[in-house]
Amino acid sequence: EKARERAEKILGQVADGKDPVKERADAKDQPTIADLCARYLEEYAKEHKKKSSAATDTSNINNHVLPLLGGEFIVDVTRADIDRFKRSVKDGKTAKERGPERRGGAAVQGGAGVANRCLALLSKMFNLAERWGWRPDGTNPVRHVDKYPEGKRERYLSEVEIAALADTLKDAEKTDGPFIVAAVRLLLFTGARRGEILSLEWEFVDLDRARLTLPDSKTGKKVVYLSAPALDVLASLPRNEGNPFVICGHIEGAALVNLQKPWARIREKATLKLWAADARLAPLVAELTPKDGEPSLADIEAEAKKQKLSISKGIMDVRIHDLRHSYASIGASGGLSLPMIGKLLGHTQAATTARYAHLADDPLKAANEAIGQQIAAAMRGEAGEVVEMPKRKA
């Protein structure tokens, strides 16, 4: 399809009396998308974006932009090229399996969300290309290329799931050590972002005032307040001499970098606990549990399917970031206002906190129901009946 479009373009140039071959030869010195990516990272991202955001841009460029568009001349890229690019990323044409050299890092994936992030990145780069004189003004090819609709993911831990996770973390202290377990607990107790906890240094921990004073975060300087359980986690952690980080990694003097692998193990074991507590599944879990080991989730799921038993996902679908959502959801369902939740999470825009609005309505619904029942009792002539009003959670 792209070849046909280019052929039609060349035939049109020939009909207009132009020499496409000569023009192409003259264009060999023109900058390519690869040149634009390199200049963007060096002159823009490094100076104007946070380190984590620049790292994300670098990843998207290396994994998606360069393989699909890197060799194209900047002036030649059309809206049709961008539209093909977004569909290729969504369909997983740039996806890669995790290799052994990645040491457990996330595999390169496609999808609508990744395609949308890449479109935003390309749009910024083409705006800069116009500013740098590499493309005529007002010709950004990303304009009017529609992004894919994305549904906001809402996954919160229930009280039962939190209890199973807590039991699993107690067991994990013996196998994974104190730092991995502390990281998970702090994420749940504070609602902080993963990077904020993993990069946390002791100099920014104020135990007396029960707060973390982060010099930088996704939204700039930030204060994270510490509850008594969070303070207990910090107080129990050993401090390694020569290592400034709260969550120490395996390398001397460094922080823990990869929480994904430990979280996958913790998540799996917590799911097993949930299944073992389910009266329908408990016999199956017991039957498939070896004497000197742990059962396989895949085996349990397969056998449950054979026996036509419905089986939940447990917490296998819970991401590390969902611990932050769980923290916020508990606050919202407990009656905290959305502005208060946004302040605790460090949101700079009210719209970011709005996803918890339906949870914040729960206490109001309960109070409204109690009032309605009280009025209905009075209308029935049961004035003496007292309907208990819901108590505000601490």
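This note goes through the sheet, a pocket, the salt bridges and a surface patch of the predicted model.

1. Basis of the note. The model is predicted, so that local features are reported only at pLDDT of at least 70 and side-chain atom pairs only at pLDDT 80 or more, while totals for chains, interfaces and linings use all residues. Residues are numbered from 1 along each chain as its sequence is written, and side-chain values use heavy atoms, with hydrogens and water left out.

2. The sheet. An open sheet is formed by 3 strands in the order 1-2-3, with antiparallel pairing (strands are DSSP runs of E of at least two residues, helices are runs of H or I of at least four, and both are numbered from the N terminus; two strands pair if DSSP finds at least two bridges between them). Strand 1 (205–206) and strand 3 stand at the edges with a single partner strand each, so one side of each has no neighbour in the sheet. Strands 1 and 2 are joined by 2 bridges, and Asp206 stands opposite Arg211 in strand 2. Strand 2 (residues 211–214) pairs with strand 3 over 4 bridges, and Leu214 has Lys222 of strand 3 as its bridge partner.

3. The faces of strand 3. In a regular strand the side chains alternate between the two faces of the sheet. Strand 3 (residues 222–225) shows this alternation, with Lys222 and Val224 pointing to one face and buried, whereas Val223 and Tyr225 point to the other and are not buried (buried means under 20% relative accessible area, exposed over 50%, and partly exposed in between, with a 1.4 Å probe and protein chains only).

4. The second largest pocket. This pocket has a volume of about 670 Å³ (a pocket is an open set of points on a 1 Å grid over the protein atoms alone, where a 1.4 Å probe fits, with protein on both sides within 12 Å along at least five of seven lines, and its lining residues have an atom within 4 Å of a point; the volume is the space filled by probe spheres set on the points, which are joined across faces, edges and corners). It is lined by 25 residues, of which Ile162, Leu188, Tyr327, Ile330 and Gly331 are the closest to its centre. Helix 7 (159–176), helix 8 (178–190), helix 14 (321–333) and helix 15 (338–345) are the elements that give two or more residues to this lining.

5. Salt bridges. The whole structure holds 17 salt bridges (a side-chain nitrogen of Lys or Arg within 4 Å of a carboxyl oxygen of Asp or Glu). Glu42 and Lys46 form one of them at 3.0 Å, N to O; these residues are 4 apart in helix 3 (residues 33–48), which means a separation of about one helical turn. Glu42 is partly exposed at 45%, while Lys46 is exposed at 56%. Asp83 and Lys86 form a salt bridge with their closest N and O atoms 3.8 Å apart, and they are 3 residues apart in helix 5 (residues 79–90), again about one helical turn. Here Asp83 is partly exposed at 25%, whereas Lys86 is buried at 8%.

6. A nonpolar patch. Ile371, Ile375 and Met379 make a nonpolar surface patch of about 330 Å² (patch residues have over 30% relative accessible area and no salt bridge, with like charges joined within 9 Å and nonpolar side chains, namely Val, Leu, Ile, Met, Phe, Trp and Tyr, within 5 Å; accessible areas come from the Shrake-Rupley method with a 1.4 Å probe, and for residues only the protein chains shown count as cover). Ile371 lies in helix 17 (residues 357–379) and is partly exposed, with a relative accessible area of 43%.
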